[in-house]
Amino acid sequence: MKNYYILTLFPDMIMNGLNTSITGRAKANGLINFDAVNIRDFTKEKHGHVDDYPYGGGAGMVMQPQPIYDAYRYVEEKSGKPDRVVYVTPQGKVFNQEMAKEFAADDNIVFLCGHYEGVDERILDMIVTDYVSIGDYVLTGGELPAMVMIDSISRMIPGVLNNDVSAQDESFSDGLLEYPQYTRPVEFMGMKVPDVLMSGHHKNIDAWRKEQSLKRTMERRPELLDNKTYSDRAEMIAKLMNMMTEYFNGDPKRIQHFTKVYAYAKNIGVLENIDSDTAFILETAAIVHDIGIKKGEEKYGRCDGKIQEELGPHEAEKILKKCGYSKEVIRRVKYLVGHHHTYSGIDGIDYQILVEADFIVNMYEDNAGIESVKSVLGKIFKTKAGTDMYRQIFGI
Ligand code: ADE
């Protein structure tokens, strides 16, 4: 059973709201429990005050620490130490679906609702684990935000919604907005339900819905697509690093090598302000750049730069396809893998940075003497970030 305690000056507002509809039913069914704790019940002042003037002057009143502390202690004694104490404030991190999911995994959460101008900082320092806002606008108090969060957390808990599929199949669950929905009648004021939905062909229906989700997200919330691309790519890079580690299983030197080249390439890319599509290509190429070595050793018993360039692209393609990379990214990464030992005809910033990152690592791993370290600087390095990094690493 999940327990949500709300420390508030307006317990009726919370209880009336949450006891209604789905959260009310979930409580009645024993899936969740919520309890509003009236901070005012814990004041030691004879007039029932819970606030006072701010030290240093200024408008408004500040909630005092003692009643909040005692209300919190009451909850702690009743239910044990909570998993988190959320201070509901416009100064917090903005609540989203991911946080709803994360919070839904906790068993005991305390929400502290502020009012007036604020809350004495000392009690916040003492008990609060998370500062959370529901958006960049200011409300009169934290009660509505706490209710918003409890509502959205509760619906992630199995059994709270009648149909658990609907919690997964909706807006934000995969980073996209939900597709349009239709019900009877088939025709309303001349407008018809899309034919595909009545075809009974589930594959086509799924494809249509996915396409509509994408279109809608692109039109209404394009920034969600950027976020999704970012997290999908981070996941692909992590997967690729794992697969390459497996590929070079038992060869720590190669594994350490590509990991270092990846880190330097990524860093130089960020410092040089390259765009996110190029950065993705660069990082991918840095991870797989030496993939031809193993095949070269198998085929020719050695693995010089030219052999790597010959055998690498095909090997890279196989592994990138397994990770779900697109054709365009694979095409460019193959080119980079096939040319990373060729220092004339560098045709892009991804190529340039890959070569620089590889030199930073190779000059150290090959124990190059100071003279060759110096001569490479002028011949190879073009970016400011790469040049600075190289100079500092080798002290030149
Ligand atoms: N209290 C006042 N405004 C708020 C907001 N936007 N989010 C959370 N708590 C608040």
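A pocket here means an open set of grid points with protein on both sides within 12 Å along at least five of seven lines, and its volume is the space filled by probe spheres set on the points. With that in hand, let's walk through this predicted model, starting with the second largest pocket, which holds about 730 Å³ of space. Of the 34 residues lining that pocket, Tyr87, His115, Glu117, Gly118 and Val119 come closest to its centre.

Where does the lining come from? Strand S4 (62-63), S5, strand S7 (118-119), helix H5 (121-127) and S8 each put in at least two residues. S5 has the largest share of the lining, with five residues. As for character, the lining splits into 18 nonpolar, 11 polar and five charged residues.

Now for the occupant: the second largest pocket is where the ligand sits. Two elements give two or more residues to the shell around the ligand, namely strand S5 (84-94) and strand S8 (130-133). S5 gives the most to this shell too, with three residues.

Going round the ligand, you meet Val88, Thr89 and Pro90, then Val132, Ser133, Ile134 and Gly135, and finally Tyr137, Val138, Leu139, Gly141 and Pro145. By type, that shell breaks down into eight nonpolar residues, four polar ones and no charged ones. So much for the surroundings; next, the polar contacts.

Look at the backbone. A polar backbone atom of Gly135 is 3.2 Å from a nitrogen atom of the ligand. At Tyr137, a backbone N or O atom lies 2.7 Å from a ligand nitrogen. Leu139 joins in as well, with a polar backbone atom 2.9 Å from a nitrogen atom of the ligand. How much of the ligand does the protein cover? On its own the ligand has 260 Å² of accessible area, and the protein covers 96% of that.

Before you leave the model, two bits of backbone geometry deserve a look. Most residues other than glycine have a negative phi, and most peptide bonds are trans. Ser21 goes the other way on phi, with a positive value near 60° in a residue other than glycine. You'll find Ser21 in helix H2 (residues 21-28). The peptide bond joining Arg184 and Pro185, meanwhile, is cis, with omega at about 5°. Pro185 has its place in the loop between helix H7 (165-168) and strand S9 (187-188).

Notes. Residues are numbered from 1 along each chain as its sequence is written. This is a predicted model: local features need pLDDT of at least 70, side-chain atom pairs count only at pLDDT 80 or more; totals for chains, interfaces and linings use all residues. Side-chain values use heavy atoms; hydrogens and water are left out. A residue is near a molecule or strand if one of its heavy atoms lies within 4 Å of it. A polar contact is a pair of N or O atoms within 3.5 Å; within protein, one must be able to donate a hydrogen and the other to accept it, and residues adjacent in sequence count only if both atoms are side-chain atoms. Accessible areas come from the Shrake-Rupley method with a 1.4 Å probe; for residues, only the protein chains shown count as cover. On a 1 Å grid over the protein atoms alone, a cavity is a set of points where a 1.4 Å probe fits but cannot get out, and a pocket is an open set with protein on both sides within 12 Å along at least five of seven lines; lining residues have an atom within 4 Å of a point. A molecule sits in a cavity or pocket if more than half of its atoms lie within 2 Å of its grid points. Helices (H or I, at least four residues) and strands (E, at least two) are DSSP runs, numbered from the N terminus. Ala, Val, Leu, Ile, Met, Phe, Trp, Tyr, Cys and Pro count as nonpolar, Asp, Glu, Lys and Arg as charged, and the others, Gly among them, as polar.
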